[in-house]
Amino acid sequence: MDDDVLRRWQRGWSVARQWTDYAEVDGVIVVRVGEPDRRVEYLATEQHATTAAQMAQSDANPAGSSWLKITTRSRPRVAAVLHPLELIRTERLLTISLSDQPSSQAPAPYELDVSAMPGLIDVELRTDGKTAASGRMAVFGADAVADVIYTAPPHRRRGLARAVMSALADAALDQGAITGLLSASPEGLPLYQSLDWSPVADLVVARTRLPSVG
Ligand SMILES: CC(C)(COP(=O)(O)OP(=O)(O)OC[C@H]1O[C@@H](n2cnc3c(N)ncnc32)[C@H](O)[C@@H]1OP(=O)(O)O)[C@@H](O)C(=O)NCCC(=O)NCCS
């Protein structure tokens, strides 16, 4: 179950980030990102956490640039397996039937801009010519993966992210998507809970350890 959801989320997430060079090796999805601080992402369920950790520790990338995301129902268990690595945070993999997400309009004076091409939707809310909130959704078959949902600090708690999520879901439904998937940061979690998204699993985020200074 986690295996299937993780794979489906990763496919959409990779499209949203334009990280399209990936392959599955020994139960671990290896996404070759190629950025200086993030050369690679290893994604796996807890069952394959040890393999993913070994891959990260034995690859040729600079310290701190190999990242892992491991799904689990028990964070302490995964933390023990990933022990030599640096634990960064725990996110939560969430899902929803897109048509069940409550719909919401952007409040005045914010203007909604939806830019949709097949498989990729970008939404912005603007005021005074500036972006106040934005988000992206990648559509992959029947799945739509939300990513980079953001509201600029002066515009928070006015319902903008809720309106962004609503516009993204509408556009994804128009493209034939049925199920929403996303990985929520601790900061984003209350937003998605307020929109009735359901938890699938925790996603422990780690990376190879940087050398200690001093
Ligand atoms: C998370 C974030 C996108 C929320 O944006 P926002 O425009 O302020 O959210 P909304 O005003 O639409 O909030 C909708 C609901 O979400 C919940 N919510 C949002 N922010 C919350 C917070 N800081 N604390 C508690 N609940 C919160 C509330 O239920 C809120 O409804 P209410 O204001 O009527 O109580 C914004 O704080 C942000 O950009 N954070 C940094 C980036 C980030 O973490 N993005 C999420 C990545 S997964």
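Reader: Which residue follows helix 1, and what is the sign of its phi?

Author: Gln18 follows helix 1. Its phi is positive, near 60°. Keep in mind that this is a predicted model.

Reader: How do you know that the length of helix 1 agrees with its residue count?

Author: Helix 1 covers residues 2-17, which is 16 residues. At 1.5 Å a residue, the expected span is 22 Å. The end C-alpha atoms are 22 Å apart, so the two values agree.

Reader: Which residues of helix 1 are called buried, and why?

Author: Buried means under 20% relative accessible area. Asp2, Val5, Leu6, Trp9, Gln10, Gly12, Trp13, Ser14 and Ala16 are the buried residues of helix 1, so each falls under that cut-off.

Reader: What makes the ligand's pairing with Arg156 a polar contact?

Author: The cut-off is 3.5 Å between N or O atoms. A polar side-chain atom of Arg156 lies 3.3 Å from a ligand oxygen, so the pair qualifies.

Reader: What about Arg158 and Glu187?

Author: Arg158 uses a polar backbone atom, 3.2 Å from an oxygen atom of the ligand. Glu187 uses an N or O atom of its side chain, 3.2 Å from a ligand nitrogen. Both distances are within 3.5 Å, so both are polar contacts.

Reader: How much of the ligand does the protein bury?

Author: Alone, the ligand exposes 910 Å², and the protein buries 73% of that.

Reader: Where does the ligand sit, and which element gives the largest share of its shell?

Author: The ligand sits in the largest pocket. Helix 5 gives the largest share of the shell, four residues.

Methods. Residues numbered from 1 in each chain as written. Predicted model: local features only at pLDDT ≥ 70, side-chain atom pairs only at ≥ 80, totals over all residues. Heavy atoms only, no water. Helix = DSSP H or I, 4+ residues; strand = E, 2+ residues; numbered from the N terminus. Expected span 1.5 Å × (residues − 1). Buried < 20%, exposed > 50% of the residue type's maximum accessible area, 1.4 Å probe, protein only. Polar contact = N/O pair within 3.5 Å; in protein donor to acceptor, adjacent residues only side chain to side chain. Areas by Shrake-Rupley, 256 points an atom, 1.4 Å probe, with all protein chains shown as cover. 1 Å grid on protein atoms, 1.4 Å probe; cavity = no way out; pocket = protein on both sides within 12 Å on 5 of 7 lines; lining within 4 Å. Sits in = over half its atoms within 2 Å of the grid points.
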